[in-house]
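Okay, everyone, thanks for coming. Let me put the model up, and then I'll walk you through the parts I picked out.

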Amino acid sequence: QIEAPLGAFFGLRPTKLWVSYASLLLSWSNNQASCYFPMPFWKSAVVQIENRGQSNVTVNATIDYKTGSAMLYPQQDCGYLFAHYHREDPRVEGRDYTYLDISNCSGQVVGHVVDRWNTCCEENERTYFDGSGTPGIEGDGYEDDQGMGWGLTWGPPPLTLPIFGAPTGQVGSGGLYRFLVPDRYCFSEGIKHGHQTYGPHSPLGDEGHYKVGTEESVTFWYG
């Protein structure tokens with residue numbers, strides 16, 4: 001259910017690992033990362049970290065869990081936690097970048113962490129529910145999704161709140177997170193969750209102002 005690069009999972013920008021943040025569900029500080037997403041299971045669970053690099057690394061980890069007698073997650077009423085990793089390098093102008101695009105299932109999206117390079121903040125977030133051809137949610141500029149305006153730049157210090165923030169945000173690029181726990185992005189048949197992608201030919205009237213850029217994300221959902 002969960003497969004993603006460790007840094008992307010925690011929303012870390014490789015060139016700015018000294019920047020810390022503490023949100024409701026994820027945090028990073030002094031080379032220590034924490035995850036507080038509930039991960040219900042009913043038979044067994046396996047947590048693995050795979051080193052795909054060329055050098056040996058040392059990882060220390062602590063996992064907190066409760067036994068069945070203490071669980072508050074009846075199987076008939078709950079879903080598993082999923083984490084979907086996606087990366088486009090480069091992105092495709094005119095085609096929505098999708099955090100998550102799934103069908104033939106039900107569940108709830110509860111958030112995403114993103115890192116962006118050479119991107120702009122004029123891209124509207126758009127979410128389509130249950131096969132609809134019209135977005136049920138559409139924003140007005142990418143930074144709106146982070147509760148910000150006129151770009152992702154904030155501070156110093158950067159904006160890091162419990163459910164949204166942009167720890168390394170700079171104009172329309174950088175690292176950010178948004179947790180949708182109170183917003184109920186629920187779906188019965190499927191969901192397409194993402195945003196517009198601008199480039200050198202868009203939008204009309206502003207041609208040549210923007211680059212396509214690169215983006216990667218991890219989206220968290222229960223289903």
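So, strand S10, residues 164-165, pairs with S11 in the antiparallel sense, over two bridges. The bridge partner of Phe164 in S11 is Arg178. Before I go further, keep in mind that this is a predicted model.

S11 itself covers residues 174-179. It also pairs with strand S7, residues 107-117, again antiparallel, and there we get six bridges. On that side, His112 stands opposite Arg178 in S11. So how many of the six residues of S11 are buried? Six of six, so to speak the full set. Look at the two faces: Gly174, Leu176 and Arg178 are on one side, Gly175, Tyr177 and Phe179 are on the other, and all of them are buried.

Okay, next stop, S13. That's residues 190-195. Five of its six residues are buried, so S13 is largely enclosed by the rest of the structure. What pairs with it? Strand S6, residues 97-103, runs antiparallel to S13 and is joined to it by six bridges. Leu100 has His193 as its bridge partner in S13. Then there's strand S8, residues 125-129, also antiparallel to S13, with five bridges. In that pairing, Arg126 goes with Gly194.

While we're in S13, let me point at Lys192, which sits in that strand. Buried, exposed, or in between for Lys192? It comes out as partly exposed, because its relative accessible area is 32%, and the cut-off for buried is under 20%. Setting aside neighbours within four places in sequence, Lys192 is in contact with Thr98, Leu100, Asp101, Arg126, Thr127 and Tyr128. And here's a distance for you: Lys192 and Gly205 are 13 residues apart along the chain, and their C-alpha atoms are separated by 28 Å.

Now let's move to the other sheet on my list. This one is an open sheet of three strands, in the order S2-S3-S4, with antiparallel pairing. Strand S2, residues 21-22, and S4 are the edge strands, each pairing on one side only. S3 and S4 run antiparallel and are joined by four bridges, and Leu26 stands opposite Cys35 in S4.

Have a look at Ser27 in there, which is in strand S3, residues 26-29. Ser27 counts as buried because its relative accessibility is 13%. Not counting residues up to four places away in sequence, Ser27 touches Phe10, Tyr21, Ala22, Gln32, Ala33, Ser34 and Tyr36.

Out to the surface for a moment. There's a nonpolar patch of about 380 Å², made by Leu6, Ile49, Val57 and Val59. Ile49 is in the loop between strand S4, 32-35, and strand S5, 81-88. And with a relative accessibility of 52%, Ile49 counts as exposed.

Last topic, the salt bridges. The count comes to 13. I'll show you three of them. Take Glu3 and Arg52: the closest N and O atoms are 3.7 Å apart. That pair links distant parts of the chain, with Glu3 in strand S1, residues 2-3, and Arg52 in the loop between S4 and S5, 49 residues apart. Both Glu3 and Arg52 are exposed.

Then there's Arg91 with Glu123, where the closest N and O atoms are 2.7 Å apart. Arg91 lies in the loop between S5 and S6 and Glu123 in the loop between S7 and S8, so this pair ties together parts that are 32 residues apart in sequence. Here both Arg91 and Glu123 are buried.

And what about Glu215 and Arg116? They form a salt bridge too, with closest N and O atoms 3.1 Å apart. Glu215 is in strand S14, residues 214-222, and Arg116 is in strand S7, so the pair ties together parts that are 99 residues apart in sequence. Glu215 counts as buried, at 0% relative accessibility, and Arg116 is buried as well, with a relative accessible area of 0%.

One more thing before I sit down. Those two buried pairs belong together: Arg91, Arg116, Glu123 and Glu215 are linked in a network of salt bridges. Okay, that's my tour, over to you.

Methods
Residues numbered from 1 in each chain as written. Predicted model: local features only at pLDDT ≥ 70, side-chain atom pairs only at ≥ 80, totals over all residues. Heavy atoms only, no water. Buried < 20%, exposed > 50% of the residue type's maximum accessible area, 1.4 Å probe, protein only. Contact = heavy atoms within 4.5 Å. Patch = residues over 30% accessible without salt bridge, like charges linked within 9 Å, V, L, I, M, F, W, Y side chains within 5 Å. Areas by Shrake-Rupley, 256 points an atom, 1.4 Å probe, with all protein chains shown as cover. Salt bridge = Lys/Arg side-chain N within 4 Å of Asp/Glu carboxyl O. Pairing = 2+ DSSP bridges.
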